[in-house]
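Work through the exercises below with the model open. Each task is followed by a stepwise solution.

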Amino acid sequence: MSIQDKALVLKQLHEADTILRVVNVWDAITTKVVADLPETKAIATAGHSIAASHGYADGEIPLDLALAAVERIVNATELPVTADLDAGFGDPGETVRRAIGVGVVGANVEDRLVPFDEAVANVRAIVAAGEAEGVDFQLNARTDAIVRGGDRPLDESLKDAIERGKAFLDAGASLVFVPGVLDRAATETLVAGLGPGKLSVIGLPGALSAAEYESLGVARISYGPTTQRVALRAYRDLATDLYGSGVIPEDTPALN
């Protein structure tokens with residue numbers, strides 16, 4: 001399948017009536033495990049998890065290293081891959097061009113609440129990069145209006161998210177990603193402001209289920225670094241048990 005074909009598959013998944021569930025991965029083996037599940041339609045990377053696996057804090061991994069990790073993920077599956085590209089590493093358009101070069105067909109790129117015009121210009125640069133490469137690049141444009149909203153009232157953050165999100169969509173973004181623990185009321189407000197099938201959310205502890213978000217008109221749900229945290233907890237718990245009187249469980253599958 002060509003990279004453009006993969007981009008069109010991801011586009012169709014974003015536009016489908018059912019919510020797209022992506023279970024975030026951070027290396028080749030987690031990609032293979034998730035990709036082998038029949039429910040998996042696309043692969044999404046977790047930038048936080050990739051950074052952590054290389055010894056970096058979230059947002060501090062060098063671009064070359066991040067793209068090398070993403071390339072290994074792309075090479076581990078035939079499914080379309082959408083990547084977490086932080087805030088674009090200083091040049092969102094060029095970063096996306098390079099990401100397309102390693103086979104990525106979609107991305108999250110954060111606005112980090114930079115000034116409105118700058119944020120919209122970044123989205124335009126990303127869309128233009130995809131067009132220049134001949135790829136219907138699927139930008140899941142992230143606004144940090146809630147997670148970086150500070151002490152301002154939630155209704156102000158929601159209004160900001162909608163204003164930014166509508167501008168991102170007008171500039172060519174496929175979806176608007178609004179991270180944070182969104183309850184039913186906040187989700188309804190965002191869907192009403194952005195339109196059905198245009199909101200992307202994150203599944204965090206305390207958030208709604210994927211089915212509930214789907215019923216409210218949400219297009220996509222991802223899980224960010226929490227998938228790695230669950231895996232690391234299982235690893236830590238096993239190590240603790242092995243330091244005690246434990247043994248490796250006999251039913252352990254050979255997934256690697």
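**Exercise 1. Characterise the second largest pocket.**

Step 1, volume. The second largest pocket has about 400 Å³. A pocket here is an open set of points on a 1 Å grid over the protein atoms alone, where a 1.4 Å probe fits, with protein on both sides within 12 Å along at least five of seven lines. Its volume is the space filled by probe spheres set on the points.

Step 2, lining. A lining residue has an atom within 4 Å of a point. The second largest pocket has 24 of them, and His48, Asp58, Arg142, Ile202 and Pro225 are the closest to its centre. Helix H3 (47–53) and strand E4 (106–110) each supply at least two lining residues. Helices (H or I, at least four residues) and strands (E, at least two) are DSSP runs, numbered from the N terminus.

Step 3, class. Seven lining residues are nonpolar, nine polar and eight charged.

This is a predicted model: local features need pLDDT of at least 70, side-chain atom pairs count only at pLDDT 80 or more, and totals for chains, interfaces and linings use all residues. Numbering runs from 1 along each chain as its sequence is written, and side-chain values use heavy atoms, without hydrogens and water.

**Exercise 2. Do the same for the largest pocket.**

Step 1. The largest pocket has a volume of about 700 Å³.

Step 2. It is lined by 19 residues, with Thr30, Val33, Ala231, Ala234 and Leu255 nearest its centre. Helices H2 (28–35) and H10 (226–243) are the elements that give two or more residues. H10 gives the most, seven.

Step 3. The lining of the largest pocket holds 14 nonpolar, five polar and no charged residues.

**Exercise 3. Trace the pairing around strand E3.**

Step 1. E3 covers residues 81–84; Val81 and Ala83 point one way, Thr82 and Asp84 the other. All are buried, meaning under 20% relative accessible area (exposed is over 50%, partly exposed in between; 1.4 Å probe, protein chains only).

Step 2. Strands pair if DSSP finds at least two bridges between them. E2 (residues 43–44) and E3 are parallel, over two bridges. Three bridges join E3 to E4, also parallel.

Step 3. Threonine 82 stands opposite alanine 44, and its bridge partner in E4 is glycine 106.

**Exercise 4. Which residue in the loop between E3 and H5 has a positive phi?**

Step 1. Phenylalanine 89 lies in that loop. Its phi is about 55 degrees, although it is not a glycine.

Step 2. Phenylalanine 89 is partly exposed, at 27% relative accessible area.

Notes. Ala, Val, Leu, Ile, Met, Phe, Trp, Tyr, Cys and Pro count as nonpolar, Asp, Glu, Lys and Arg as charged, and the others, Gly among them, as polar.
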